[in-house]
Every structure is written in C-alpha cells, then in structure tokens.
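This report is for a reader new to the structure shown below. The topics are the chain as a whole, its cysteines, and a few single residues.

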Amino acid sequence: MLRDIHDEIFRQDNWGTPAQYIPELANVPSNRFAMSVCLANGECLNVGAADDPFSIQSVSKVFSLAATLGRIGDQLWSRVGREPSGTSFDSVVLLEREKGRPRNPFVNAGAIVTTDVLLSGRQPKQALAEILGLVRTLAETDDIHISERVAASEKSTGARNKALAHYLQSHGNLENAPDLTLGTYFHQCAIEMTTRQLALAGRSLARLATGPNVISPRHARRINALMMTCGHYDGSGEFAYQVGLPGKSGVGGGIMVIAPKVASIAIWSPGLNHYGNSHAGTRAAAMLARATGWSVF
C-alpha cells in the first residue's frame with residue numbers, strides 16, 4: 001500500500017514549493033518524498049527517503065507542548081488559547097485583536113509563548129535539552145540533533161517572529177527577553193529527524209503499547225484534539241475533511257499524523273501548498289486514510 005502511494009505521488013509529479021523565506025530550506029529539492037508508518041503490533045513500514053533527516057520545524061511544537069503540559073499542566077491555558085485561528089501561522093492580526101493571547105499553541109505566537117514557559121528560570125541550553133531529550137526518548141534513539149545552520153538561517157530572516165515576540169512582550173505575555181525566547185524557539189524548530197524517527201516518536205500520542213509511556217493519556221488526548229483542529233493552521237479544516245486524523249505539519253515539509261491506538265505516521269515532502277503545509281505529503285495522507293479506512297470519525 002505504501003509503495004503504491006509512493007509511486008502515485010511520483011506519477012503525479014506535483015510537488016509545491018519549498019519554504020523560500022528560510023534559505024536553508026529553500027535549497028532542498030522539492031521532489032523528495034518519504035513515508036513511515038508504525039503499527040500497533042510494533043511493525044514499522046517505510047518507503048522513499050525514510051532515513052534522510054529533514055528540519056521538522058513546526059512539528060516540534062507538538063513536543064514542546066507535551067513538555068510544557070508535563071511541566072505546568074493546565075496553567076498554560078491562561079496564556080494560550082485552544083481555538084483554531086483561521087489565519088496564517090505567522091499572522092499578527094488575531095494577536096492584536098485578542099490582547100496578546102495567542103489563539104492556540106501551534107501558531108507561531110502560541111509556540112513562542114510555550115517555549116517561553118519552558119525557558120523560564122533556566123538557560124536556553126537547558127530548555128532545549130528538555131525538548132530534545134523528550135524527542136529522543138519518544139523515538140528511542142540519541143541520533144536526533146539540532147541543525148545550527150537552519151537555526152541561524154531562521155534567525156537571520158525571522159523578522160515576523162521577532163515582531164510577534166515583541167508584541168507578546170508588550171502585553172506581558174513573555175517572561176523572558178524576546179531575543180532569548182526566540183533563540184530557543186529557532187533552535188527548537190531546527191531539530192532534524194527522519195520519517196522513521198518521527199513515526200516512532202508519535203507512538204506515545206497514538207497510545208501504542210510499543211511506544212515509551214512518557215506522555216500521559218490525558219495529555220495525549222488533549223494534544224491530539226489540538227492537532228486535529230489547529231495542526232495545519234488555516235488548512236486544518238481541509239486536512240480534517242480529507243484525512244480525518246489528527247496531524248501536525250511543518251514548513252520543512254514534514255507531517256506527523258496520529259491514528260489513535262492504530263498507527264503513528266510520518267510523511268515528508270518539502271514542497272509546500274499555499275497554506276504552508278506539505279503539498280505531496282497532504283495528498284499522501286489522504287490516500288493512506290482512504291486506503292486503510294483509518295479515521296477518528
């Protein structure tokens with residue numbers, strides 16, 4: 001089934017465009033594809049470039065959210081909402097209208113606040129070590145690293161994120177200096193993983209018995225709900241309609257998809273659609289959902 005999807009994606013030859021505003025990502029060829037699926041019986045299936053590392057970007061927001069909920073629990077929701085935004089991931093419109101409280105933890109402003117929570121009272125290296133340590137524990141490998149090149153590339157072109165951070169600060173919704181929080185955030189987004197590793201890391205969210213038991217069932221349920229409603233920004237409704245499973249995308253072209261108690265799925269293709277989500281990856285997720293019948297509905 002995965003080979004058929006792989007072959008169909010290449011037959012269609014419709015890739016989208018890699019993120020142009022981050023130079024390190026803009027240089028990645030668009031016609032790359034990988035898909036990995038970890039099943040409840042412990043089997044993991046892979047096709048394409050499943051062992052090629054890519055920048056997970058906003059998929060990292062799932063892991064920073066899990067770490068933050070584990071650290072302070074529901075206190076987070078006093079600073080970040082849980083509603084879909086209906087706007088692009090880096091929009092400042094709702095942040096201005098709603099007095100500095102981001103609509104959800106998966107838009108950039110919400111993720112910056114989440115990272116700020118993890119950073120409070122610690123050095124950036126300690127906060128990053130917690131996120132990276134969680135990812136490595138979930139994937140059961142130490143071979144996951146942060147790309148300094150990508151982090152530097154994001155910092156050099158991150159004017160809009162800097163604007164968001166300063167706007168959050170103006171409303172008292174940052175506890176640390178904007179540059180300190182942003183530096184941590186840029187490095188978090190620069191984590192590199194393969195689809196094989198990302199699918200393994202999603203097992204705990206899917207509540208598969210083969211996954212490490214480090215995210216509580218309650219938090220996994222909440223995170224999956226947010227992935228379903230907010231995980232693809234203003235394309236979240238379309239993804240829910242076409243795929244019917246919780247998913248989180250990143251502008252590096254990665255998508256983590258969760259079929260609760262059935263499978264953890266990771267897809268990568270760096271070309272993006274107009275929402276900033278993987279163009280071929282979104283189609284592949286829909287093909288897989290149709291072929292398997294997996295859906296939360």
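## Surface and charge

The protein chain has an accessible surface of about 12,000 Å², and carbon and sulfur atoms account for 50% of that surface. The model is a predicted one, and the values in this report are computed from it.

The protein chain carries 28 positive and 25 negative charges, and the mean positions of the two sets lie 6 Å apart.

## Overall fold

The protein chain contains 13 helices and eight strands. Its C-alpha trace spans about 50 × 40 × 35 Å along the principal axes. The radius of gyration of the protein chain is 17 Å, which agrees with the value near 19 Å for a compact globule of 297 residues.

Of the 297 residues in the protein chain, 58% count as buried. Contacts were also sorted by separation along the sequence: among those between residues at least 6 apart, 69% join residues at least 24 apart.

## The disulfide

How many disulfides does the structure hold? There is one, and the residues joined are cysteine 38 and cysteine 44, with an S to S distance of 2.3 Å. That distance lies within the 2.5 Å cut-off for a disulfide. In general terms, such a link is a covalent bond between the sulfur atoms of two cysteines.

Is the disulfide of cysteine 38 and cysteine 44 right-handed or left-handed? The torsion about its S-S bond is about 110°, so the disulfide is right-handed. The two partners can also be described by their accessibility. Cysteine 38 has a relative accessible area of 1% and is buried; cysteine 44, at 30% relative accessibility, counts as partly exposed.

## Cysteines outside the disulfide

Cysteine 189 takes part in no disulfide, and its nearest cysteine sulfur belongs to cysteine 230, 17 Å away. Cysteine 189 is buried, its relative accessible area being 2%.

Cysteine 230 is likewise in no disulfide; for this residue the nearest cysteine sulfur is that of cysteine 189, at 17 Å. A disulfide calls for sulfur atoms within 2.5 Å, so the 17 Å separation rules out a link between cysteine 189 and cysteine 230. Cysteine 230 counts as buried, with 3% relative accessibility.

## Serine 236

Serine 236 is found in helix α12, which covers residues 236-242. Is serine 236 buried or exposed? Its relative accessibility is 4%, so serine 236 counts as buried.

Neighbours within four places in sequence are left aside here. Beyond them, serine 236 is in contact with Met228, Thr229, Cys230 and Gly231. One of these contacts, Cys230, is the cysteine described above as being in no disulfide.

## Two residues with positive phi

Most residues other than glycine have a negative phi. Which phi value does aspartate 13 have? Its phi is near 50°, a positive value in a residue other than glycine. Aspartate 13 sits in the loop between α1 (2-12) and α2 (23-26). With a relative accessible area of 54%, aspartate 13 is exposed.

Lysine 99 also has a positive phi, near 55°, and is a residue other than glycine. The loop that holds lysine 99 runs between α4 (93-97) and α5 (108-119). Lysine 99 is exposed, with a relative accessible area of 62%.

Terms used
Residues numbered from 1 in each chain as written. Predicted model: local features only at pLDDT ≥ 70, side-chain atom pairs only at ≥ 80, totals over all residues. Heavy atoms only, no water. Buried < 20%, exposed > 50% of the residue type's maximum accessible area, 1.4 Å probe, protein only. Helix = DSSP H or I, 4+ residues; strand = E, 2+ residues; numbered from the N terminus. Rg over C-alpha atoms; globule rule 2.2 N^0.38 Å. Contact = heavy atoms within 4.5 Å. Areas by Shrake-Rupley, 256 points an atom, 1.4 Å probe, with all protein chains shown as cover. Lys, Arg positive; Asp, Glu negative; His and termini not counted. Charge placed at Lys NZ, Arg CZ, Asp CG, Glu CD.
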